[in-house]
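Colleague: I would like to ask for a close look at a single part of this model. Please begin with the strand pairing and work from there towards the interior.

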Amino acid sequence: MLGKKKQKPRRPTGHFDTLVSSRTTIEGDVHFSGGLHVDGRIRGKVVADEGTDAVLRVSEVGEVTGDINAPHVIINGTVNGDVYASAHLELAEKASINGSVFYNLIEMAMGASVNGNLVHQREPVGLLAQDGSATRQKQEQAHGADQPDEADEASVDGGKSE
């Protein structure tokens with residue numbers, strides 16, 4: 001028909017392979033690929049396998065205490081930790097995040113709350129380097145940190161020089 005374009009779905013509509021039910025609590029890190037739907041509680045990191053188009057959905061009754069790292073993240077529950085969404089992040093109206101959010105594309109409904117920083121990052125590499133070592137190395141190279149400056153030398157010998 002005239003003037004109608006086929007629109008790409010705004011979020012991945014794939015099925016969810018794994019369900020953490022509302023009567024379940026997981027203590028420890030969770031690594032997944034595909035789709036993970038959380039109605040229960042996870043105390044630990046939730047990490048999508050690298051190179052996958054994984055989707056994590058935390059429902060209204062779900063809770064994650066730990067960092068989240070996945071390409072597609074949909075939150076309508078509570079997250080106590082940092083969220084790293086390299087492709088798309090959707091915060092529904094009952095989403096509550098206590099931590100920083102690192103995203104490429106964000107969709108936030110009225111009522112969602114973030115108690116932390118919102119950081120836009122285009123490069124997924126920065127999102128995956130959670131410890132900041134890759135970012136730190138790039139900064140050191142840019143500033144010529146090959147040679148220690150006087151402040152670094154002073155801290156090495158406790159401020160005493162001979």
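Modeller: We may begin with β2, which pairs with strand β5 (residues 41-43) in the parallel sense over 3 bridges. Within this pairing, Thr25 has Arg41 as its bridge partner in β5. It should be said at once that this is a predicted model. The two strands belong to an open sheet of 6 strands, whose order is β2-β5-β8-β10-β12-β15, with parallel pairing. β2 (25-27) and β15 (113-114) stand at the edges of this sheet with a single partner strand each, so one side of each is left without a neighbour in the sheet. As a general point, strands of a sheet pair through backbone hydrogen bonds, either parallel or antiparallel.

Other strands of the chain pair as well. β4 and β7 run parallel and are joined by 4 bridges; here the bridge partner of His37 is Arg57 in β7. β7 in turn pairs with β9 in the parallel sense, again over 4 bridges, and the partner of Arg57 in β9 is Ile74. Arg57 therefore has a bridge partner in β4, namely His37, and a further one in β9, namely Ile74. From β9 the path leads to β11, since 7 bridges join these two parallel strands. In this pairing, Val73 has Leu89 as its bridge partner in β11.

β11 deserves attention in its own right. 8 of its 9 residues are buried, so β11 is largely enclosed by the rest of the structure. β11 is also joined to β13 by 3 bridges, and the two run parallel; Val83 stands opposite Val101 in β13. Another 3 bridges join β11 to strand β14 (residues 106-108), also in parallel, where Glu90 stands opposite Glu107.

The interior can now be described. The largest nonpolar core has 26 residues, and those with the most contacts inside it are Leu56, Val73, Ile75, Val83 and Leu89. Among the strands that each supply at least two residues of this core are β4 (35-38), β7 (55-58), β9 (68-75), β11 (83-91) and β13 (101-103). Leu56 may serve as an example: leaving aside its neighbours within four places in sequence, Leu56 is in contact with residues including Phe32, Leu36, Val38, Val46, Ile68 and Val73.

Aromatic rings add one further detail. The count comes to 1 aromatic pair. This pair is formed by Tyr84 and Phe102, which are stacked, with 4.7 Å from centre to centre and 5° between the planes. The pair links distant parts of the chain, for Tyr84 lies in strand β11 and Phe102 in strand β13, 18 residues apart. Both Tyr84 and Phe102 are buried.

Finally, the chain as a whole gives the setting. The chain contains 3 helices and 16 strands, and 33% of its 162 residues count as buried. Its accessible surface comes to about 10600 Å², of which 47% belongs to carbon and sulfur atoms. Confidence varies along the chain: the average pLDDT is 80, and 67% of the residues score at least 70. Over residues 7-12, pLDDT stays under 50, and the model has 8 contacts beyond four places in sequence for them. Over residues 129-159, pLDDT also stays under 50, with 10 such contacts in the model.

Note on methods: Residues are numbered from 1 along each chain as its sequence is written. This is a predicted model: local features need pLDDT of at least 70, side-chain atom pairs count only at pLDDT 80 or more; totals for chains, interfaces and linings use all residues. Side-chain values use heavy atoms; hydrogens and water are left out. A nonpolar core is a set of buried Ala, Val, Leu, Ile, Met, Phe, Trp, Tyr and Cys residues joined through side-chain atoms within 4.5 Å. Buried means under 20% relative accessible area, exposed over 50%, partly exposed in between (1.4 Å probe, protein chains only). Contact means heavy atoms within 4.5 Å. Two strands pair if DSSP finds at least two bridges between them. Accessible areas come from the Shrake-Rupley method with a 1.4 Å probe; for residues, only the protein chains shown count as cover. Rings of Phe, Tyr and Trp (its six-membered ring) pair if their centres lie within 6.5 Å; planes under 30 degrees apart count as stacked, over 60 as edge-to-face and the rest as tilted. pLDDT is the predictor's confidence in each residue, from 0 to 100.
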